[in-house]
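Reader: I am beginning to learn how to read a protein model, and I should like to study a single part of one closely. Could you please guide me through one residue and its surroundings, and then set it within the rest of the chain?

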Amino acid sequence: MDQHYSQADRVSPDLENGDVNYKVGFSVNNKEVCVNGKTPQNISSSILRNKSDPMLVSSSARFQMLWHFLTNLQEVILGTKLAVLFPAIPLAIAADYYKFGRPWIFALSLLGLTPLAERVSFLTEQIAYFTGPTVGGLLNATCGNATELIIALFALYQNKIHVLKYSLLGSILSNLLLVLGSSLLCGGLANLKREQRYDRKQADVNSLLLLLGLLCHMLPLMFRYAIGEGTATDCSTLQLSRVSSIVMLIAYVAYIFFQLKTHRQLFDAQEEEDDDEEEKAVIGFWSAFTWLAGMTIIIALLSEYVVGTIEAASDSWGISVSFISIILLPIVGNAAEHAGSIIFAFKNKLDISLGVALGSASQISMFVVPLCVVVAWTMHIRMDLDFSLLETGSLAFTIIITAFTLQDGTSHYMKGLLLFLCYIVIAACFFVHKIPQSKSQARKDLDQISEGKPFTGLFSA
């Protein structure tokens, strides 16, 4: 055995001096094996490394996975100014586990949903970088209002139809008046000396969709008032609502095809303005998908807390369920749209701001609402499109005012201010609508009014 390696013992001085280009010859079973470019020290360390490769590779892989996770954690969790609200999530879970007051669970869950809604929008954008515009557009259409959809489904599962209707209606009002109004207001103030213009074609398409949705909401209401109350009327209203929901879903599918295929240039026009600021994905596809799935699960958990404790919060705070559902919940669900729309308005990119606000409102009206009606149908729950007179009237005036505001293709801060003030008036209306009071307090107020004494109710000094 020793004679087979006899030639390996005769090492040239060149190798001892570190000449890595020297060939070392081995005679193994009368066959020469050459190793190019390695000194004896390198060869021995290579042999040792081969014996410990699995351990080194495993350790290196674990380190890379840890580093990858910490990098993603910094981008996903700490990459938003709303990160300060993330501690509300474990606090809400702890409050539910230790049976704290239900209003506390509601408040903490509402705070925890705010950064989650914004991060879901961010993760959807990251995935869209890898999937392309078509699949990315469909993903945005599906996940853009994930928080509102999950809250609606939990309300439907718990048979709280009034909470479901209020929250969806509030999301439409919030997008059209609060998000769009504050965007036009801030954009107008930031660009006082510049003319703000936008493409009317995209706004016209979304306005037509919203008007179709308004017609489908008004027909059951008008039908009930025209025929009168009764069991037969309720059945007819329910059937009309289900047929209208199917029509709305067909219209929304046609809108997606129109947006992503046949007339894509109308919706891509605003993206051409942002070519000089080309953005790239900051996390990988599967990382974004995993984070998105995990956050969706947490949103579902917090949404269940919100729906289950909303009445307790209403009674404890003295605020009506309609105000909480129409005003507070949509503000949380639309956090991402609100922030993004205002940022683009500051940059005088109103096409993008309008696309965010109007697109989200159209998605709720033409996709989420009829989807809930169809899902309720499969669950044998009687949900229709009759949102009552006050709610439907608010929706009608909101859509009409928004359509008139966007008809000339120009914008200034006054338009945004008027839309914002319209939202304040509607919020005040629902704040005083169906305010829960104890029977003794209500009787006391009535006695004071009948005796001509000053009223000591909600707005008293």
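Author: In this predicted model, let us begin with a polar contact: a polar atom of the side chain of T398 lies 2.7 Å from the backbone oxygen of S394. T398 itself is placed in helix α14, an element that spans residues 389-405.

How far is T398 covered by the rest of the protein? Its relative accessible area is 2%. Because buried means under 20% relative accessible area, T398 counts as buried. One may then ask which residues T398 touches when its neighbours within four places in sequence are left aside. They are L173, L176, L177 and I426.

Just ahead of α14 in the sequence is S388, found in the loop between α13 and α14. The backbone of S388 deserves attention, since its phi is positive, near 75°, although the residue is not glycine. S388 has a relative accessibility of 35% and is classed as partly exposed, whereas T398 is buried.

A second residue with this backbone feature is N348, which is not a glycine and has a positive phi of about 60°. N348 belongs to the loop between α12 (335-346) and α13 (350-378). With a relative accessible area of 16%, N348 is buried.

Let us now turn to the interior space of the model. One cavity of 30 Å³ or more is counted, and the largest cavity holds about 40 Å³ of space. Its lining consists of E148, I151, S167, L329 and P330. Two helices, α5 (146-157) and α11 (321-333), each contribute at least two of these residues. By character, the lining comprises three nonpolar residues, one polar residue and one charged residue.

Finally, these details may be set within the whole chain. The protein chain has 461 residues, of which 44% are buried, and its secondary structure amounts to 16 helices and four strands. Of the contacts between residues at least 6 apart in sequence, 79% join residues at least 24 apart. The contact of T398 with L173 is one example of residues brought together from separate parts of the sequence. As for the surface, the chain exposes about 24300 Å², and carbon and sulfur atoms supply 64% of that area.

Technical notes. Residues numbered from 1 in each chain as written. Predicted model: local features only at pLDDT ≥ 70, side-chain atom pairs only at ≥ 80, totals over all residues. Heavy atoms only, no water. Buried < 20%, exposed > 50% of the residue type's maximum accessible area, 1.4 Å probe, protein only. Contact = heavy atoms within 4.5 Å. Areas by Shrake-Rupley, 256 points an atom, 1.4 Å probe, with all protein chains shown as cover. 1 Å grid on protein atoms, 1.4 Å probe; cavity = no way out; pocket = protein on both sides within 12 Å on 5 of 7 lines; lining within 4 Å. Points joined across faces, edges and corners; volume = space filled by probe spheres on them. Nonpolar A, V, L, I, M, F, W, Y, C, P; charged D, E, K, R; others polar. Polar contact = N/O pair within 3.5 Å; in protein donor to acceptor, adjacent residues only side chain to side chain.
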